[in-house]
Amino acid sequence: MKVLHIVAGDLTRGAARGAYWLHQALLELGVESKIWTNSRVTFGDKRVISILKTEKDKIFNLIRDYLDLNLQRFYPKRKRVIFSTGFWGVDFTKSNEYNEADIIHLHWINGGFVNIKHLKNITKPIVWTMRDTWPFTGGCHVAAAVNCTNYINGCGNCKQLNSGTKLDLSRYIFKRKQKYLPKHTKLVGISNWLTNEAKKSKMFKDFDVRTFFNNVNSKEFFPIDKKTARELLRIKTDKKIILAGAQSLKNFYKGFDKFIDAIIKLDKKKYLLCFFGDLDKSVPDCLGYEYKNFGFLYDTLSLRLVYSAANVFVAPSIMDAFGKTLAESMACGTPVVCFDATGPKDIVSHKVDGYKARPFDTSDLANGIKWVLNYPEYDKLCENARKKVLENFDSKIVAQKYIQLYQEILNQ
């Protein structure tokens with residue numbers, strides 16, 4: 001069985017990293033897996049084929065990315081959130097890797113990497129892992145975050161573009177996807193919420209859509225003794241640590257404003273706040289807490305240390321397709337507090353390995369933080385968190401489900 005994964009973006013970050021972990025697990029389980037990508041990082045893996053071989057390739061990649069993301073500029077009242085068109089890309093169906101593959105597995109394909117029109121050229125079985133809402137919308141990646149369900153009826157009058165008309169860019173993109181996406185494509189949502197939204201959409205209402213949770217490499221994310229982790233991070237305090245982090249805490253759908261509203265309800269003298277990711281430093285400066293900002297963490301070791309040093313990880317997202325940082329924290333034995341909504345609701349078991357607050361009640365979010373930090377059997381929460389990941393989100397567990405799907409497709 002030969003599987004070719006089509007993966008846009010840096011393999012060390014976000015959705016692409018989850019795809020790479022899946023690739024590794026499939027290899028361990030005997031599947032001939034390859035990745036076709038525009039990532040500059042390949043980890044020296046000969047089975048990862050990057051299209052960025054020359055300086056010319058890199059320049060054209062940047063141009064395609066710019067064009068793909070900037071057509072929305074024609075809508076001056078738009079919300080400043082990622083919006084992709086799928087108008088530009090490199091035709092992977094002309095590659096040797098495509099010719100050799102039995103199955104084509106799409107993941108996150110945006111940033112000018114894949115032109116949706118090229119999908120019509122695929123003559124092989126297709127699996128598409130949806131890592132956000134883009135596959136079934138007219139361009140937006142975080143539909144719920146802008147309180148929009150227009151994808152149910154085919155988009156148009158886009159709330160993210162704030163277009164005010166049904167015949168807008170989102171409507172055109174939606175119809176273009178419908179035209180070129182092969183009907184035999186098997187869709188996989190990385191959370192029950194994402195799968196259910198896809199099934200509601202006009203795009204995928206007649207498609208085979210199922211849920212396989214996003215995966216975490218539990219060999220890379222595992223618990224480190226909290227005292228040791230703090231020493232290595234040069235954190236000198238006896239206070240309990242509240243951690244928050246994401247690639248960009250500035251993205252409004254990550255709910256950082258909800259986090260701020262919650263922690264101002266807590267005793268500032270009792271806790272140390274820690275952050276990672278892109279953060280406006282002026283925000284924690286005004287809170288009155290002792291805090292430490294680690295900035296953007298590029299390597300797994302640093303993330304593992306930060307997760308392990310913390311007593312609780314708070315993920316206040318108002319929309320996440322899954323919530324990989326939650327699973328990473330739990331893999332490191334640190335309980336999580338989140339809202340009982342969208343992707344995160346699948347990850348945390350309420351008062352078993354964390355706390356799920358009422359959406360989007362910041363008082364209950366604060367209650368959840370206090371509940372975790374003061375729970376008399378805190379060590380049990382940590383054990384349960386690690387166990388939840390090993391049993392549900394570990395890369396090999398998820399890879400086995402994909403193998404079953406591949407076999408099902410090939411046997412049809």
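Okay, so let's start inside: about 50 Å³ of space lies in the second largest cavity. This is a predicted model, by the way, so keep that in mind. What lines that second largest cavity? You've got His107, Trp108, Ile109 and Asn110 from one stretch of numbering, then Trp128, Thr129, Arg131, Asp132, Trp134 and Pro135. Sorted by class, that lining is 5 nonpolar, 3 polar and 2 charged residues.

Now, how many cavities of 30 Å³ or more are there? The count is 3. The largest cavity comes in at about 80 Å³. Its lining has 15 residues, and the ones closest to the centre are Cys140, Cys148, Asn150, Cys155 and Cys158. As for class, the lining of this largest cavity splits into 7 nonpolar, 7 polar and 1 charged.

Okay, on to pockets. The second largest pocket has a volume of about 150 Å³. Which element gives the largest share of its lining? That's helix α1, residues 14-28, with 4 residues. The lining includes Arg17, Tyr20, Trp21 and Gln24, and also Leu11, Thr12, Phe43 and Glu220, plus Tyr298, Asp299 and Thr300. Class by class, the pocket lining reads 5 nonpolar, 3 polar and 3 charged.

Last stop, the surface. There's a nonpolar patch of about 470 Å², made by Ile59, Phe60, Ile63, Tyr66 and Leu67. And where does Ile59 sit? In helix α2, which covers residues 55-70.

Definitions and conventions:
Residues are numbered from 1 along each chain as its sequence is written. This is a predicted model: local features need pLDDT of at least 70, side-chain atom pairs count only at pLDDT 80 or more; totals for chains, interfaces and linings use all residues. Side-chain values use heavy atoms; hydrogens and water are left out. On a 1 Å grid over the protein atoms alone, a cavity is a set of points where a 1.4 Å probe fits but cannot get out, and a pocket is an open set with protein on both sides within 12 Å along at least five of seven lines; lining residues have an atom within 4 Å of a point. Grid points are joined across faces, edges and corners, and a volume is the space filled by probe spheres set on the points. Helices (H or I, at least four residues) and strands (E, at least two) are DSSP runs, numbered from the N terminus. Ala, Val, Leu, Ile, Met, Phe, Trp, Tyr, Cys and Pro count as nonpolar, Asp, Glu, Lys and Arg as charged, and the others, Gly among them, as polar. Patches are made of residues with over 30% relative accessible area and no salt bridge: like charges are joined within 9 Å, nonpolar side chains (Val, Leu, Ile, Met, Phe, Trp, Tyr) within 5 Å. Accessible areas come from the Shrake-Rupley method with a 1.4 Å probe; for residues, only the protein chains shown count as cover. A salt bridge is a side-chain nitrogen of Lys or Arg within 4 Å of a carboxyl oxygen of Asp or Glu.
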